[in-house]
Structure formats: structure tokens, C-alpha cells
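Take a moment to turn the model around before you read on. We'll go through it one stop at a time, beginning with a pocket.

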Amino acid sequence: MPSLPLRLSALILALGLSACDDAPRFTKAEPGEARSGGAATVRKTDRNAFSLPSANLSPTRRLDFSVGNSFFRSPWVIAPSTTTARDGLGPLFNTNACQNCHIKDGRGHPPTADSDNAVSMLVRLSIPNDPAYAKVIEQMGVVPEPVYGGQLQDMAVPGVAPEGKVRVDYDPVPVRFRDGTEVELRKPKLLITQLGYGPMHPDTLFSARIAPPMIGLGLLEAISDADILANADAQANDKNGIAGRPNRVWDDAQQKTVLGRFGWKAGQPNLNQQNVHAFSGDMGLTTSLRPFDDCTQAQTACLQAPNGNGPNGEPEVSDNILRLVLFYSRNLAVPARRDVNGSQVLAGKNLFYQAGCQSCHTPKFTTAANAAEPELANQVIRPYSDLLLHDMGEGLADNRSEFQASGRDWRTPPLWGIGLTQTVSGHTQFLHDGRARNLLEAVLWHGGEATAAQQQVLAFNAEQRAALLAFLNSL
């Protein structure tokens, strides 16, 4: 443990950066701050830290969680098969099990140079919006690429050609701190090869997305629309350059436009629809909400391949399986924070606020009383996200819109659990495409509305940078 003078000097260093700054001054942890997920918070911090049920689930309810977990983890097989409860994989797909992308329920990563398949990173496809496709844009948020659809699938069942292969190369991007320290960021170059169905549309837009962590999703779903929109209004009124906006997306079940909150651009309205679209796009599995295979009209072998639908048209993923996977994904608990009263963590927290990071990474919400699961209701949670879209600048732009999100917009990702990424996922690759190899690189990629915060961090010296990272790693 650092000596008292050293601890005090670290704190004073953070507090003294700007005498006129009006950011909060934290000298100790806030009440309940360690319990990021409220009463649902778990204490385990090992490799299974993201795979535990909400701490306040009863033993009976944990049985449903375990069954949902089995469908999340186990592979699906090609139809026809004697394993009728799990057949119907493909014909086109990215993986055969949810767990393959969300390894240990954690964060995905880009493919390595020797990877056969991207697996935990997928590539979204579309072409520029056109008024002629107004209905498609209203319901899908994009105009899919005509031959390959809205997502590149690099695997397929026998007799069907995969859509292509994904590779990522990188260009170096040097960055210098005010104290002279240099770091080298890496900017990805996405390469699509071995196209199975001919050339793509010449104006095809691409967006690489790694699988996000699964923790706390039910708690995020339990935040009221009113609270999310109130933050958007407050940011607009502050006129400080931060102006988060809600995405408005199509709800397949309600057949209307609603608030978006899930996905890298907040393109999905709720967890059930997020799961349904993942079953469809990632594994080629039908559900009652999306009862067709993910084949375009140009992919005739895909359209003609056997499927796992029941004799009366029952979908490959039954409503009961879908319900259990939904319950599982709603109740993956958030781990407790570590060392919340540590002097370096507190110094880093002050620096986080001084840089203005909390303007988008909203620390705290109280979930709604009418949450989908009673264990998730009325919980004081600390996700460090406003679930709003922000212009993150040209450096992070994928130049691909999605509903009301522009090509420079990204939803603020929650930060809870981020310090356990190495422990759970075995790597520290962050941002939507995994370009950042550590948290400092992730911060330095911030631009657009976050430019002022990035510039503050670039002015930090080594001790201050270490404190900021200590705080982030405590989350």
C-alpha cells in the first residue's frame, strides 16, 4: 500500500490541475459505489466474473438462468439432425454458439493474422440510403447490400458458399502527450476476400463490430426511457459541446419506431430483439419474430438448403428457448468494483470528472419500478453510460448510418466491468472494432464531442495517466 504522503500527493495532484474547475472533488467512495449493479451485484472477480446470475435471484429462478445458459453455450447443428431442439444452423452463419462470440460472456476481439474465421467480430454491410428504400430504412435502419445482405457471414453449411473472408490490417497512428511521451495507435484496414457470390455493390459501406460484454444488460433495459431522454435534454441545454441524442429504431414486435439502446449504435430497442437478430444473422436460426433464414434472393443455394423448422412451421429456436436465453441475458450480473477507496483510484476518479468523461459516461441511474424482472427493479446502478449517440469524430467513423445514427455516431458503451476484461476475455482490445489494445489507446481515439476530454488526457503526466487508468480498471 502506498505511504500516506504518496497517497495524498496523488490526490492533490489530481485536485490541483485546475483551480477554477468545477468538477466534483472525491476524497472517499460514495455510499454503495462498489455495488455497480445494485442488489444484483456479484463479488467474484475471476475468469467467471461475467457469467454469474444476479445475486438477488432466488434458487428457483437460478434454474431458469442455468437452462438459458445451456442454450447460450451449446453449439447448434446442421439440419436435419436427431438433435431437433438444436438443429437448423445456417445455411449462412458466423458461429454455431452464442458463447463463441461472447467468450465467458465477455468481450470479442478482431481476428488475428492466422485466423480462419473472424468469429467474435462481424462486419455489417449496407449501401447508401436512397428515398426509394424508405420502408426498408424505416424497419432496418439501413439499405442492405443487395447480394450479401446486412451482415457478412464467413461460414456456411456444406453445399452453400460462405459469403467471404475477413482480414484486418493496421496502419500506425503516432500520438504525443504534452510531457513528450509517445504512443502508437493502430488504425484498422478491413479486407474482405474470397467473395462467394460475386462483387459487392460499388458503394458498399462496411462496419466491423466486436461482440460486447453481456453483463448488466437487463439492468440497462430497466432504465426508463424518460431518464435516458432527460439526459439528452440536459446535455443539449448545457451547450458545452456534448450533445447526446437518442436513436429511434424499429420494434419488430410492436411494429413501430421506439427508443434504441442496445448495439454499438443503439440500433436495437430491447434484449429480446437483440437476441432474435443475433440468432438470425450470427447463426442463421429462425424465431417466431424472425421466421426466415438470412439469405438474399441472389443466394439460391442458401434458400434451397434444408432447415430445422418443425413440421407445422415451428421456428428453429422455439419461443421457450428464446424466453430462457432472454432470461439468461437479462440476469448476467455485474461484478463489484475493487479498491473504491484507494487513493490512486480516487485521484483517477477526480481526473475522469475533470476531463468531463462523465458527461457521456453517466455514472448512475435508478432502474424503473416496472422492470421486466423484479430483481432488476428499483436498483441504483452505475453503468457509466448514457445510452445515447455521440459524434466521436472522423477517426472512429465507420461512415455508415444506422437509423438516426450517423457514420460518426456511436452509443456510449457502459464501462462497468471493464477492468476485468483481461481476466475474463484474455485480452484488452476495446472500441467497436477492437482497434485499441488497452484503455489508454481507447481514450486517445476519442474525438468529435469528446475532443476536449481527449486533450485533457493528453495534458496529463505519467502519474496522472496511471491514476486515471487505476480508476477505469476499478470499474
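Which element supplies the largest share of the lining of the second largest pocket? That would be strand E6, with 5 residues. To find E6 in the sequence, look at residues 182-193. Strand E7 (205-210) is also part of the story, since E6 and E7 each supply at least two residues of this lining.

Now look at the pocket as a whole. This is a predicted model, and in it the second largest pocket holds about 420 Å³ of space. Its lining is made of 21 residues, and the ones nearest the centre are Pro188, Leu190, Phe206, Ala397 and Asp398. What sort of residues line the second largest pocket, sorted by class? There are 11 nonpolar, 4 polar and 6 charged ones.

Next, let's see what a database record adds. An unreviewed UniProt entry carries the annotation "domain: Cytochrome c" for residues 343-475. In the model, that span is 34% helix and 8% strand, and the C-alpha atoms at its two ends lie 15 Å apart.

On to a covalent link. How many disulfides does the count come to? The answer is 1. It joins cysteine 295 and cysteine 302, whose sulfur atoms sit 1.9 Å apart. The link between cysteine 295 and cysteine 302 is left-handed, with -65° about the S-S bond.

Now for some backbone oddities. As background, most peptide bonds are trans, and most residues other than glycine have a negative phi. Against that, have a look at the loop between helix H2 (59-73) and strand E1 (92-93), where you'll find proline 80. A cis peptide bond joins alanine 79 to proline 80, with omega at about -5°. Proline 91 is also in the loop between H2 and E1. Here a cis peptide bond links glycine 90 and proline 91, and omega is about 10°.

Phi gives us one more stop. Lysine 104 isn't a glycine, yet its phi is positive, near 55°. You can find lysine 104 in the loop between helix H3 (98-101) and strand E2 (121-126).

Finally, how confident is the predictor in all this? The protein chain averages a pLDDT of 94, and 95% of the residues score at least 70. Where does pLDDT stay under 50? Look at residues 1-20, for which the model has 25 contacts beyond four places in sequence.

Key. Residues numbered from 1 in each chain as written. Predicted model: local features only at pLDDT ≥ 70, side-chain atom pairs only at ≥ 80, totals over all residues. Heavy atoms only, no water. UniProt positions renumbered as here; feature names shortened; annotations may be inferred. Helix = DSSP H or I, 4+ residues; strand = E, 2+ residues; numbered from the N terminus. pLDDT = per-residue confidence, 0-100. Contact = heavy atoms within 4.5 Å. 1 Å grid on protein atoms, 1.4 Å probe; cavity = no way out; pocket = protein on both sides within 12 Å on 5 of 7 lines; lining within 4 Å. Points joined across faces, edges and corners; volume = space filled by probe spheres on them. Nonpolar A, V, L, I, M, F, W, Y, C, P; charged D, E, K, R; others polar. Disulfide = S-S within 2.5 Å.
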